[in-house]
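Let's take a walk through this structure together. Have the sequence and the 3D view ready, and turn the view as you read.

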Amino acid sequence: MPSHLNVDTKYWTLTDEIPNPPVERDIKTWIIGNPSDPLWDIDVLPLTYTNSRWSAFVVDVPGDARQRLCPNPPLTIWDGEDAELVEYWYVNHLNTMLGPYLEFGVTISATHTDSKGNTWKAGYYPYMYLTSDSAVDAGRVLGFPKKMAYIRVTEHGGEKGDDYFGYSMTRNGYLLTAQQGKYDDAPVKPPYFYGKTDWGKFNMKVITRPDVASSEWQLTYLPSKLPPAFNVEGHRFQIKNELTRTASGDAIDWFAQATPFDNMGAEVKVNEVKGLISFTFDLIIPPAEVVWSETYERPASYRGYATPYQYGLRQQFPIHQGA
Amino acid sequence: MGKQANEYSYPWLEEGEVPPLPLDRDRIHIISQGVADPVFDYDIVPLTYTESRWMAFVVEADEANLKAVIPDPVELHDPILEFWYVIHRNTMLGPYMEFGVTASSTVKGSDGQVWKGGYYPYMYLSNDSPIFAGREPFGFPKKAAYIAAFEHGTNDNYFNMTMERRGYVFHSANGRYSDKPTPHKPTFYGKTDWGRLNYRITTHPSVSNSIHQVTYLGSELPPQFGTGHRFQLDPSSVRTATGEDVRAWYLAGTPFDFMGGSLGNVTCHGLISFTFNLIIPPASIVWEKTVERAESDFGDLLYSTPYKYTMRHRFMTPYYPGA
């Protein structure tokens, strides 16, 4: 006789750590699909982080490359002090409401001015990669351009036990970028938005209809100061300064390339790697505001780019077994 | 140290192997974020599949349990489910593994018409692009998981499948094909008037509202692809096993994935496997409702305590497998 076992208990309900599935709750508490078992749920909110480790390479990128990555309209690149400095960052998230994960992103200083003359200043993310499905999806709701990738983050060795560093990111069989080196604790000038509470974060969300007849672009804005309900004064990034380490550009080995699946390595033109700033922080991510939107309609005859049943370079790579 | 290189070339672009860069296109040709380098791009349209291998356990669940996981306005038709694994070898999204549960269901649309289809309460995939290409425009309830599915041995007589997420195996089965017929088949099998139903939720970045939609994918091919079912099954590839042939079966709910605990004590009636080609056309919206949230509703969303992490927030740091 075969052995068939169905474990039909819900042992995790022995404590009240996990909300009931959305189908058993008021519909106002359903945020994403699926109603029986969403990819993430209200136990993610408020979305807080503790002792995350941020490692930001500061790179000098020419203005034309920065503007190409910031869609205009509605964005204009920052043309003030330290405009050329772009953040190229890895994060090791140890404790978050979405669980632990690794993350990578690029941040460019940009502004948006609406028809009434209101101006928003923020770091705009053209690229982001993470190792966790829930964190990718929760971010994409706010407009973050998240994909998944294989990411490595290491600090180790030396007199202080964390003097050496190594970072890399790989996707679909290609190395996208890699860095290694040793902290020399030399001063490194950060991008302009660092520490400024009047600079938030921009993302461009795209919502496409199920029939692909149109896509709405929404420029979303996350302020750096928290809404009053959070009862936290100051920046929503709470940095633990005693754990900051830095490295000069001369202390960093650096590699980046574009791949058929990811164009970042060719589009982020690097005049100079200025240095690395690593720090530990706590964080809260609040809801975002939509400060601009536009809808692009497609004709009924729209057919996309592919030829049925013919698979090109971007459709062939080693099969994934999953996370 | 200080050795640095940036490789800016795009040989595949110059040779026409990939579509023009998103940065160089009209915005109607961008269907997802990030707008500089989307997680799925317009070279997936039209979305076709070749030589995929479908391995579907025929499962009977308690009707009350099933009704409890299916949201209004979707109504359960009968308790015979498809519990399917797929090896996708050639697709416009690249190769990937997939799992899903399909329940024969109906929906009375906003116009009073009754739509019949297989409704998906659970889906898992091994790769990011098909997860978000399924979730965002269509509403497929896709999550990422580790998925293994094999047929092996003499004449590929033996089969085995396993799925794991965040340290928990939540389904596994193995056995040997006898090629005896299964005693039941899902109602929708082979019927061109039964499509597929998904429940899509799109939440505004401010969380001030969520748009709920039931989307419908017809089973008949769109006119430009000819006639017949959009699943093109190879009859010579069909293998079957009865419930007795399924040597071992394990199903359990986990703190991260409720499927096993919610479906309860199911009966496995057998397995039907076949090879097929597939087209996924755009979907239509057959039911829609917008749920607005007032300021007073936000309290119900904030389930967690800031900076306190529970059992759902703690698991091994995931590493995306696509290295």
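What follows goes from the contact between the chains to a helix, then to the strands and the core.

Keep in mind that this is a predicted model. A good place to begin is where the two chains meet: 121 residues of chain B are in contact with 121 residues of chain A. On the chain B side, the biggest giver is helix 3 of chain B, with 6 residues. Sorted by class, the side of chain B that touches chain A has 71 nonpolar, 31 polar and 19 charged residues.

Stay with that helix for a moment. Helix 3 of chain B covers residues 128–138, and 11 of its 11 residues are buried, so the rest of the structure largely encloses it. The buried residues include some charged by class, among them Asp128(B), Arg135(B) and Glu136(B), and they also include Ile131(B), Phe132(B) and Phe138(B). Step just past the end of the helix and you meet Gly139(B), which takes a positive phi of about 95 degrees.

Now for the strands. Strand 1 of chain A (residues 3–7) and strand 14 of chain B (residues 248–252) run parallel, joined by 5 bridges. To find your place there, look for Asn6(A), which stands opposite Leu251(B).

Both chains also contribute to an open sheet of 5 strands, in the order 9(A)-10(A)-11(A)-15(A)-1(B), with mixed pairing. What stands at its edges? Strand 9 of chain A (150–156) and strand 1 of chain B (4–7) do, and each has a single partner strand, so one side of each has no neighbour in the sheet. From one strand to the next, the twist averages 5 degrees. Within this sheet, strand 10 of chain A (residues 164–171) and strand 11 of chain A (residues 174–182) run antiparallel, with 8 bridges between them. Here Gly166(A) stands opposite Gln180(A).

Finally, look at the largest nonpolar core, which has 162 residues. Which of them touch the most other members? They are Ala110(A), Ile151(A), Met55(B) and Ala56(B). In chain B, domain 1 (10–45) and domain 2 (48–295) both give residues to this core, so the core lies between them. Zoom in on Ile151(A): setting aside its neighbours within four places in sequence, Ile151(A) is in contact with Tyr90(A), Leu102(A), Phe104(A), Tyr129(A), Thr131(A) and Met169(A).

Definitions and conventions:
Residues are numbered from 1 along each chain as its sequence is written. Chains are lettered from A and ligands numbered from 1 in the order in which they are written. This is a predicted model: local features need pLDDT of at least 70, side-chain atom pairs count only at pLDDT 80 or more; totals for chains, interfaces and linings use all residues. A nonpolar core is a set of buried Ala, Val, Leu, Ile, Met, Phe, Trp, Tyr and Cys residues joined through C-beta atoms within 7 Å. A residue is buried if 20 or more other C-beta atoms lie within 10 Å of its own, exposed if 12 or fewer, and partly exposed in between; C-beta atoms are placed from the backbone. Domain bounds come from an automatic or database domain assignment. Two residues are in contact if their C-beta atoms, placed from the backbone, lie within 7 Å. Two strands pair if DSSP finds at least two bridges between them. Helices (H or I, at least four residues) and strands (E, at least two) are DSSP runs, numbered from the N terminus. Axes are lines fitted to C-alpha atoms, for helices over the stretch in contact, and angles run from 0 to 180 degrees between N-to-C directions.
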